[in-house]
Amino acid sequence: MTDSLIIRPAVVADELAIARLWSYLMAELVRLDARQPRPTPGAERVYAARVVSTLDDPDTRVLIAESSGHVCGFILGAQIGQSDLFQPIHTGFIADLYVESGARRSGMGRALVEALRTWFVERGIERIALNVDSANTAGIAFWAAQGAHNSQIKMQIELDSSRGAP
Amino acid sequence: MISHELSVRPAITADAEPLARIWVETIETLGRLDPRFRAAPAGAERWRTAFVAGLADRDRLTVVALRGEVLSGYLIGAAQPNLPGLLPPQIGVVLDLAVDSHGRGGGVGTEMFRLLSAWLRTRGIDRVEVRVAARNPIAQAFWRALGATEFYDTLGLKLHD
């Protein structure tokens with residue numbers, strides 16, 4: 001792991017950096033999987049403003065990875081409710097995790113996950129859920145290394161496709 | 001002669017009781033495939049209440065299938081906003097699908113989805129998302145046959161043993 005790596009809670013001043021990282025994340029996802037929905041113009045600013053607006057929310061945690069004063073990654077997690085149709089399990093959700101390409105394979109992603117995991121455990125969370133693009137084999141391998149297992153598959157149907165959608 | 005002809009129609013309140021039995025059967029089947037699926041105490045009662053409340057939701061369509069006069073399945077779909085900042089602005093989602101164990105494989109699910117698709121198209125929606133248990137290959141095969149492709153893997157990370 002990088003010696004100068006710092007994992008810390010996000011602050012309002014991180015808004016621009018979060019917007020930048022999210023725009024990189026979206027661009028990578030679209031490159032990886034053409035079916036990914038395209039962000040609307042300026043969506044990264046909307047996203048970052050929403051993230052910053054959650055900083056006082058006790059059920060949400062945003063962590064920043066900083067190396068030599070440069071923000072290289074972030075993770076966004078939240079405690080979520082659950083349908084009352086099923087046995088209650090205190091569940092957390094990791095909405096986004098991103099590390100700049102140049103900072104990967106340095107343990108930064110794992111450090112972000114570990115810090116968020118600690119926060120979840122302190123809150124009595126029993127299970128974390130997260131979504132990974134099915135085409136993102138590196139991401140799936142990363143999460144498998146953290147102990148995650150496949151729970152559900154989200155599938156998509158294009159109604160105007162010629163593949164047989166009724 | 002008793003008719004076993006398949007038909008589909010929008011659900012009505014009176015369907016709640018017989019469909020709750022199909023819901024219970026489905027959850028029990030899912031629980032055998034994956035023990036993480038466990039109905040809550042009074043889960044069926046809560047499902048009935050949610051089912052009836054959903055019938056009044058104009059952004060939701062509940063379709064039922066009948067073999068002759070007997071209910072054999074239901075499909076609950078909805079039109080909902082996509083995630084903020086992403087296109088298209090509206091997508092369709094399948095919230096719940098269940099078919100009586102005696103009626104599977106006979107086109108029941110396909111016919112119900114056909115009605116949902118037509119309803120979504122009238123609202124200008126051309127993309128539908130559905131979640132399927134990773135340990136339910138039969139359900140995955142059903143959706144693939146309708147043209148579905150894998151989009152996201154939902155992963156779980158257990159924090160306590």
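**View 1. Antiparallel pairing of β5(A) with β6(B) across the two chains.** In this predicted model, strand β5 of chain A (residues 127-133) and β6(B) pair in the antiparallel sense over seven bridges. Among the residue pairs that can be followed in this view, R127(A) has K158(B) in β6(B) as its bridge partner, and I128(A) stands opposite L157(B) of that strand.

**View 2. The two faces of strand β5(A).** In a regular strand the side chains alternate between the two faces of the sheet. Strand β5(A) shows such an alternation, with I128(A), L130(A) and V132(A) pointing to one face, where they are buried, whereas R127(A), A129(A), N131(A) and D133(A) point to the other and are not buried. Read together with the pairing across the chains, this places I128(A), which is buried, opposite L157(B), while R127(A), which is not buried, is the bridge partner of K158(B).

**View 3. Strand β5(A) and its neighbour within chain A.** Strand β4 of chain A (residues 91-99) runs parallel to β5(A), and four bridges join the two strands; one of the residues involved is F93(A), whose bridge partner in β5(A) is A129(A). Between these strands the chain passes from β4(A) through helix α3 of chain A (residues 108-122) to β5(A), forming a β-α-β crossover that is right-handed.

**View 4. The side of chain B that touches chain A.** The contact draws 44 residues from chain B and 48 residues from chain A. On the chain B side, the elements that give two or more residues are α2 (43-55), α3 (108-122), β5 (127-133), α4 (137-145) and β6 (149-158), and the largest share, ten residues, comes from β6(B). By residue class, this side of chain B divides into 22 nonpolar, eleven polar and eleven charged residues. For the complex the predictor gives an ipTM of 0.83 and a pTM of 0.75, and chain B averages a pLDDT of 89, with 95% of the residues scoring at least 70.

**View 5. Chain A as the setting for the close-ups.** Chain A has four helices and six strands, which follow the pattern β-α-α-β-β-β-α-β-α-β along the sequence. Its C-alpha trace spans about 55 × 40 × 30 Å along the principal axes, and its radius of gyration of 17 Å agrees with the value near 15 Å that a compact globule of 166 residues would have. Buried residues make up 29% of the 166 residues in chain A, and of its contacts with a separation of 6 or more, 64% are between residues 24 or more positions apart.

Notes: Residues are numbered from 1 along each chain as its sequence is written. Chains are lettered from A and ligands numbered from 1 in the order in which they are written. This is a predicted model: local features need pLDDT of at least 70, side-chain atom pairs count only at pLDDT 80 or more; totals for chains, interfaces and linings use all residues. Two residues are in contact if their C-beta atoms, placed from the backbone, lie within 7 Å. Ala, Val, Leu, Ile, Met, Phe, Trp, Tyr, Cys and Pro count as nonpolar, Asp, Glu, Lys and Arg as charged, and the others, Gly among them, as polar. Two strands pair if DSSP finds at least two bridges between them. pLDDT is the predictor's confidence in each residue, from 0 to 100. A residue is buried if 20 or more other C-beta atoms lie within 10 Å of its own, exposed if 12 or fewer, and partly exposed in between; C-beta atoms are placed from the backbone. A crossover is right-handed if, with the strands pointing away from the viewer, the path from the first strand over the helix to the second runs clockwise. The radius of gyration is taken over C-alpha atoms; the globule rule is 2.2 Å times the number of residues to the power 0.38.
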